[in-house]
Amino acid sequence: ELELVHKKVVSGDFIIMMTDGIIDTFKQDEDDDKSIHTFLQELKSTNPQEIADRILDRAYAICEGIPPDDMMVVVSKVW
């Protein structure tokens, strides 16, 4: 199902797109009550590649290295 969202972005904002495999993996994390939203808020990096890597690494760790679905993350910074 496709969801259309309109948001204003300004210089310094990040646009983070991820497949449902990432989101579903974060939802199944029983060892940690952090949602993907909380996880993103705690990231300190301003490097888009590092942010994408950390999201993917965390999702991969949650599913113990066996992804239940495709997992892709794209992070862009607005300049």
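A search of the whole structure, which is a predicted model, turns up one aromatic pair. Rings of Phe, Tyr and Trp (its six-membered ring) count as a pair if their centres lie within 6.5 Å, with planes under 30 degrees apart called stacked, over 60 edge-to-face and the rest tilted. Here the partners are Phe26 and Phe39, a tilted pair with 5.3 Å from centre to centre and 55° between the planes. Phe26 sits in helix α1 (residues 20–27) and Phe39 in helix α2 (residues 36–42), so the pair ties together parts 13 residues apart in sequence. Both Phe26 and Phe39 are buried, where buried means under 20% relative accessible area, exposed over 50% and partly exposed in between (1.4 Å probe, protein chains only).

A word on the ground rules. Residues are numbered from 1 along each chain as its sequence is written. Local features need pLDDT of at least 70 and side-chain atom pairs count only at pLDDT 80 or more, while totals for chains, interfaces and linings use all residues, and side-chain values use heavy atoms, leaving out hydrogens and water.

Now for the overall layout. The chain has three helices and two strands, running β-α-α-α-β from the N terminus on. These are DSSP runs numbered from the N terminus: helices are H or I with at least four residues, strands are E with at least two. Of the 79 residues in the chain, 27% are buried.

Phe26 appears again in the largest nonpolar core, which has 14 residues; Ile22, Phe26, Ile55 and Val73 have the most contacts inside it. Such a core is a set of buried Ala, Val, Leu, Ile, Met, Phe, Trp, Tyr and Cys residues joined through side-chain atoms within 4.5 Å. At least two residues of this core come from each of α1, α2, α3 (48–62) and β2 (73–77). The largest share, five residues, is supplied by α3.

Two residues outside the buried class are worth a look:

| Residue | Place | Relative accessible area |
|---|---|---|
| Ile15 | strand β1 (residues 14–18) | 35%, partly exposed |
| Glu64 | loop between α3 and β2 | 69%, exposed |

Glu64 also has a phi near 55°, a positive value in a residue other than glycine.

Finally, Lys77 lies over the face of Trp79, 5.0 Å from the ring centre. A charge sits over a ring if NZ of Lys or CZ of Arg is within 6 Å of the ring centre and within 35 degrees of the ring normal.
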